[in-house]
Amino acid sequence: MGNKVVERRLEDWWEARQYTPAMLDQARKVLEEIRAGRQVSLALRRHPSPEGGYLAKHVLVAAYREMVGKGVWQPDPQLLARIRMKPVRTLSGVATVTVLTKPYRCPGKCIFCPTDERMPKSYLPDEPGARRGLEHHYDPFAQVGSRLRALQAVGHPTDKIELLILGGTWSAYRRDYQEWFVRRCFEALNEKEAREGLPAPTLAEVQSINENAPHRNVGLVIETRPETIKPRELARLRRLGVTKVQMGAQSLDDRILELNQRGHTVAELHQAVALLRGAGFKIVLHWMPNLLGATPESDRQDFARLWEDICPDEIKIYPTQLLQNAELYEYWQRGEFTPYTTEQLIQLIADVKPTIPRYCRVNRVVRDIPSVNVVEGNRRTSLRQDVLEELKQRGTPCQCIRCREVSGQKVDREGLRLDDLVYPAGGGEEHFLSFVTPSDKLAGFLRLTLPGEKSPPTGLADLQGAAIIREVHIYGQSLEVGKIQPGAAQHAGLGGRLIGEAERLSRERGYQHLAVISAVGTRLYYLKRGFERGELYLVKNLPIRGD
Ligand code: SF4
């Protein structure tokens, strides 16, 4: 059977399993109510998913398409605009493009991790993001190009792109593959491909073109394992243009890590996070409740350990999901593993979420695995809403970044307050500088690392004697560069003010330089603000006042 036929069957299978007739039936009822003038959230609440929780918006879109396709309804762009998820995607100012690397081995042997030969380790072919990789034969150029076209088709600005490279363990791939993969992503962003017969441009060349390209890269994320992070690896990641690293922490208990065959220790995780922090990378950790050997109570204690020194910038809470193609399935069959119920998970996450410090963002509270793959335990992918509902009833709000983002609301510059949240991490001192509205919403923030004597040496020449800006993030509906919209935080000069404050603090604390981990497409922004090109970072000298 040819590849195309296999893929078409796979797609049919995916469509059929993703949207059961009962789900589509329910979605049609929701749509009928919205057409009759009811609020989307209210209609969703009145007709929950047959599997429990709320129906996801993509199910509504599928039901809408079905009705229009059959000619039962006329196309209704206004209805479509209301049920689409599109406003959320670019509210944080940047459009994300996810690309998958080819199927490849992973040095990990984690018992909960699914294996599917068609996919890079840990991904399933019916996960929404992962499916696109398969469709495009894992070709980076094709994946980026198609995603850009799709974003443009629904009216998103695509001038600022965060590239999210997914797939097993990045550092396990061959280095020439890594470089080729990233170069091809940049070529797609640059809308420039070398003509056949001509030599391919180098990575540095395509990066340099991207500084002024139609789609500038404002962030580059890879995912890897803690023990792969060594000083030499930091420099390599920087050369590729990486700004953010996702790692599986999964647990902060060596016993649990060993039981689940994670193949690394908590000490290695500490070391990896400290090295990444010292090199200015943003750090995203995955944490998994309900691993083999854990209980809801041990998970609560485990979660608290995240904030003792590791202090990730972002987390993804991925409750263990029991999948047939993972080794854990055998443990379950022998009665050695029991998945938590949905209610147990809601209670657990509602307990820990309000303890998350204000400098951290919770990106997800459940992995987007279509429920048909889950053998037993929670099947709801809408767990975040359930948890938020529970928190509302308890009166214990979460203060993480995601729960406080201004989300496209108008920002009155005059009313903003500048906060400086200071905390120790990785041997140094972190400053989470943020602009906060009178109602405690977050209009923008900057992460400043002041390395200390106990910070691990990174061996990066640009960072000798330097304080490091790891992130500058300003919220507001993503606008094309150069377009000003009154009240949009992104263009109200907040970034410049935060950088000024970081500079003042660094100078005051005696640092001779201020370095910034700049994505390729934001280099010009910093160059205009007095930073100069170093080897792998942009650096500003901070002469001592009076010199
Ligand atoms: S390291 Fe990640 S991808 Fe590799 S086996 Fe473990 S969970 Fe799966």
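**Helix packing and ligand surroundings**

Colleague: Which residues of H14 and H16 meet, and what makes this a contact?

Modeller: From H14 (helices being DSSP runs of H or I with at least four residues), Pro 296, Asp 299, Arg 300 and Phe 303 meet Gln 344, Gln 347, Leu 348, Asp 351 and Val 352 of H16, where contact requires heavy atoms within 4.5 Å. Sorted by class, these residues comprise four nonpolar, two polar and three charged, with Ala, Val, Leu, Ile, Met, Phe, Trp, Tyr, Cys and Pro taken as nonpolar, Asp, Glu, Lys and Arg as charged, and the others, Gly among them, as polar. This is a predicted model, in which local features need pLDDT of at least 70 and side-chain atom pairs count only at pLDDT 80 or more, while totals for chains, interfaces and linings use all residues. Residues are numbered from 1 along each chain as its sequence is written, and side-chain values use heavy atoms, with hydrogens and water left out.

Colleague: What are the angle and axis distance between H14 and H16, and what does the angle make of the pair?

Modeller: Helix H14 (residues 296-310) packs against helix H16 (residues 342-352) at about 25°, with the axes 10 Å apart; since angles under 35 degrees count as roughly parallel, over 145 as roughly antiparallel, 65 to 115 as roughly perpendicular and the rest as oblique, H14 is therefore roughly parallel to H16.

Colleague: Why are H16 and H17 described as oblique?

Modeller: The axes of H16 and helix H17 (residues 383-394) come within 9 Å and cross at roughly 60°, so the two helices are oblique to each other. Their crossing is right-handed, and the H17 side of the contact includes Leu 383, Asp 386, Val 387, Glu 390, Leu 391 and Arg 394. Seven nonpolar, two polar and four charged residues make up the contact of H16 with H17.

Colleague: How is the packing of H9 against H11 described?

Modeller: H9 (residues 175-190) and H11 (residues 231-240) pack at about 30° with axes 10 Å apart, which means that H9 is roughly parallel to H11. Among the H9 residues in this contact are Arg 175, Val 182 and Phe 186, and H11 contributes Glu 233, Arg 236 and Leu 240.

Colleague: What makes a residue part of the ligand's surroundings, and which residues are these?

Modeller: One of its heavy atoms must lie within 4 Å of the ligand, and Cys 106, Gly 108, Cys 110, Phe 112, Cys 113, Lys 121, Ser 122, Gly 168, Arg 225 and Arg 262 are the residues around it. This shell divides into four nonpolar, three polar and three charged residues.

Colleague: What is the mean pLDDT of the protein, and where is pLDDT below 50?

Modeller: The mean pLDDT (the predictor's confidence in each residue, from 0 to 100) is 88, and 90% of the residues reach 70 or more. Over residues 1-17 the pLDDT is below 50, and it also stays under 50 over residues 86-92. Where pLDDT is low, predicted coordinates should not be read in detail.

Notes. Axes fitted to C-alpha atoms, helices over the stretch in contact; angles between N-to-C directions. Left-handed = near helix turned anticlockwise from the far one by under 90°.
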